[in-house]
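Biologist: I am new to this structure and should be grateful for a close look at a single part of it.

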Protein chains: 2
Amino acid sequence: MSILIVGTVAFDAIETPFGKTDKIVGGAATYISLAASFFSNKLRLVSVVGDDFPKDSIQMLKDHKVDTSGLQIKEGEKTFFWSGKYHNDMNSRDTVDTQLNVLENFDPILPEDFKDSEFLMLGNLVPSVQQKVLDQMTKRPKLIVLDTMNFWMDNCMSDLKTALKNIDVLTINDEEARQLSEEYSLVKAAKIIQKMGPKYLVIKKGEHGALLFGEEKMFFAPALPLENVFDPTGAGDSFAGGFIGHLQKTGDITFENLKSAVIYGSVMASFCVEKFGTERLSELTNNEVSSRLEEFVKLSSFKI
Amino acid sequence: MSILIVGTVAFDAIETPFGKTDKIVGGAATYISLAASFFSNKLRLVSVVGDDFPKDSIQMLKDHKVDTSGLQIKEGEKTFFWSGKYHNDMNSRDTVDTQLNVLENFDPILPEDFKDSEFLMLGNLVPSVQQKVLDQMTKRPKLIVLDTMNFWMDNCMSDLKTALKNIDVLTINDEEARQLSEEYSLVKAAKIIQKMGPKYLVIKKGEHGALLFGEEKMFFAPALPLENVFDPTGAGDSFAGGFIGHLQKTGDITFENLKSAVIYGSVMASFCVEKFGTERLSELTNNEVSSRLEEFVKLSSFKI
């Protein structure tokens, strides 16, 4: 079984209270792929970059067992660039600059052998582009996960709602869940959003953990309290990568196993924020993943 | 074994997006006592009210097995009154009115037979008053829990730091932990606060759950996501009541059992917010507590 990952591969420039980076490699699909690679060696990437994108970063993805044959490289064009500055609390940020570049006309063309992927991860992108991916699948995937953000709710709600009808799991943050449902209570919001299509909803709350809703059940996963959060960029995407990676690895999409997947997602997010950009994920070892997992078990287990 | 509870018994007038109350009975010690009464029948209350305080509310406390012989009733004086209005997100509130009344000169006089209580819960009060209670104990309690708030950090930090030297568990919220430690990271904050005296620290995060720190370990307890939060008043005190109630009931103050106590505290807080004031706690049954506890277990258990 394989995972098809569609999303941005990009340059980021990030400023946090801990420092500042020049242009570094980022993008939702990059983080998702790296995080998922700790669980799966059947990763297929569909994205687009310009010819300014470094060859060794593509090689880094290949080294993590990512099939990059669906990564379009546009000659004479520039890679998507995002620049942002985090506030002191690390929970909010300002976008300093966005240069869509190749992303402006991104047409996600799936290589023929990607079209029967059993797991599909639609990273944060224009909803109509996410839908274009869905339309190309020759077989309905076993599980479709979609990530989105408030920007698309503000600007393309109708397209987003169309895409939501065709997916299984939606991952958004708490503010986005409130915006999408127009309900403040996350329990009520979850019910409304599930009626829009997704059978399951993951609400990511950053340092406050994550909630999973589905089958009239709820699960609350902690976030690991960290001494230092260096850079939150990519945490949600790393979460998504760990989440879908674990599901593909086990082939089990029951609610019980979705709970475990949320924990694995939280594990990967907890690493992501420890260094700037993809640095921590790209150097991570399987042993570190295992021992971090044990920390999560200790953190949240109790006897009554 | 018994629990000595010291704190305010008060009138509150509360406005939330769901409605508004006239003067109703509130106060930290009221909520703590009610919540603890589901675990312990050895509750001793020290507080002060005016002669305007309703006799049937004192009877209600007695009905919950609270020994009210330490409740001073000041003839010709008025009970402490607080009035507040919650914002739409229920996480923040404005104080509309505070009338200290009897609280202004509150001298917490412990009845002789209260002075050897094995568990001591110092509800949110002027730190010097909390210290006066500590000074009267003839035997060092097995466990001393202190609750406080940002107001005392702003105005009596030195007195607060003196009291902190003599206690075992401090319960505060995340913003207060940051203020007290001058550290944003809660992990770092916890280390600094533990050096001030308390061996254990509970950081209450409202709808985001609670963190327990101690013995170089961490525990993350979820909050139960609720459809409706009617009134957050008293949630932290209900938490404290469930927390110390469970510890006294079991007589076990190991870290493992403190974790369970945090869950019991969260259970009691989850009830408190379902109705205005003490209404929900005063009508609550043991069966409801047991089944809510099961909900918490389901909410946070997973298999890896």
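In what order do the nine strands of the open sheet of chain A stand, and what is their pairing?

Modeller: The order in chain A is β6-β5-β1-β9-β10-β11-β12-β13-β14, and the pairing is mixed. The model is predicted, and therefore local features need pLDDT of at least 70 and side-chain atom pairs count only at pLDDT 80 or more, whereas totals for chains, interfaces and linings use all residues. Residues are numbered from 1 along each chain as its sequence is written, while chains are lettered from A and ligands numbered from 1 in the order in which they are written. The strands (E, at least two residues) and the helices (H or I, at least four residues) are DSSP runs numbered from the N terminus. Two strands are taken to pair if DSSP finds at least two bridges between them.

The edges of this sheet are β6 (66–74) and β14 (217–221) of chain A; each has a single partner strand, so one side of each is left without a neighbour in the sheet. From one strand to the next, the twist averages 15 degrees. This angle refers to axes, which are lines fitted to C-alpha atoms (for helices, over the stretch in contact); angles run from 0 to 180 degrees between N-to-C directions. Within the sheet, β12 (residues 200–204) and β13 (residues 210–214) of chain A pair in the antiparallel sense over five bridges. One residue of β13(A), A210(A), stands opposite K204(A). In general, strands of a sheet pair through backbone hydrogen bonds, either parallel or antiparallel.

The sheet of chain B can be read in parallel. An open sheet of nine strands is formed there too, in the order β6-β5-β1-β9-β10-β11-β12-β13-β14, with mixed pairing. In chain B, β6 (66–74) and β14 stand at the edges with a single partner strand each, so one side of each lacks a neighbour in the sheet. Next to the β14 edge, β13 (residues 210–214) of chain B runs antiparallel to β14(B), and five bridges join the two. Among the paired residues, G214(B) has K217(B) in β14(B) as its bridge partner.

A helix also lies on this sheet. α7(B) lies across β11 (169–173), β12 (200–204) and β13 of chain B, and runs at about 140 degrees to β12(B).

The relation between the chains comes next. Chain B can be laid on chain A with an RMSD of 0.0 Å by a turn of 180 degrees and a shift of 0.0 Å along the axis, the copies being superposed by least squares on the C-alpha atoms of residues with pLDDT of at least 70 in both. That is the relation of a two-fold axis. In chain B, the C-alpha nearest the axis belongs to H208(B), 2.9 Å from it.

Between the chains, 29 residues of chain B are in contact with 28 residues of chain A; two residues count as in contact if their C-beta atoms, placed from the backbone, lie within 7 Å. The edge strand β14 (217–221) returns here: it is one of the elements of chain B that give two or more residues to the side touching chain A, with α7 (186–195), α9 (255–272) and α11 (286–300). By class, that side of chain B has 16 nonpolar, six polar and seven charged residues. In this division Ala, Val, Leu, Ile, Met, Phe, Trp, Tyr, Cys and Pro are nonpolar, Asp, Glu, Lys and Arg are charged, and the others, Gly among them, are polar. Of the interface residues of chain B, 97% are also interface residues in chain A, so the copies meet through the same surface.

Finally, helices α9 and α11 may be followed in chain A. The axes of α9 (residues 255–272) and α11 (residues 286–300) of chain A come within 10 Å and cross at roughly 115 degrees. That makes α9(A) roughly perpendicular to α11(A); under 35 degrees counts as roughly parallel, over 145 as roughly antiparallel, 65 to 115 as roughly perpendicular and the rest as oblique. The residues of α9(A) that meet α11(A) are I263(A), S266(A), V267(A), S270(A) and F271(A), and their counterparts in α11(A) are V289(A), R292(A), L293(A) and F296(A). This contact of α9(A) with α11(A) has six nonpolar, two polar and one charged residues.
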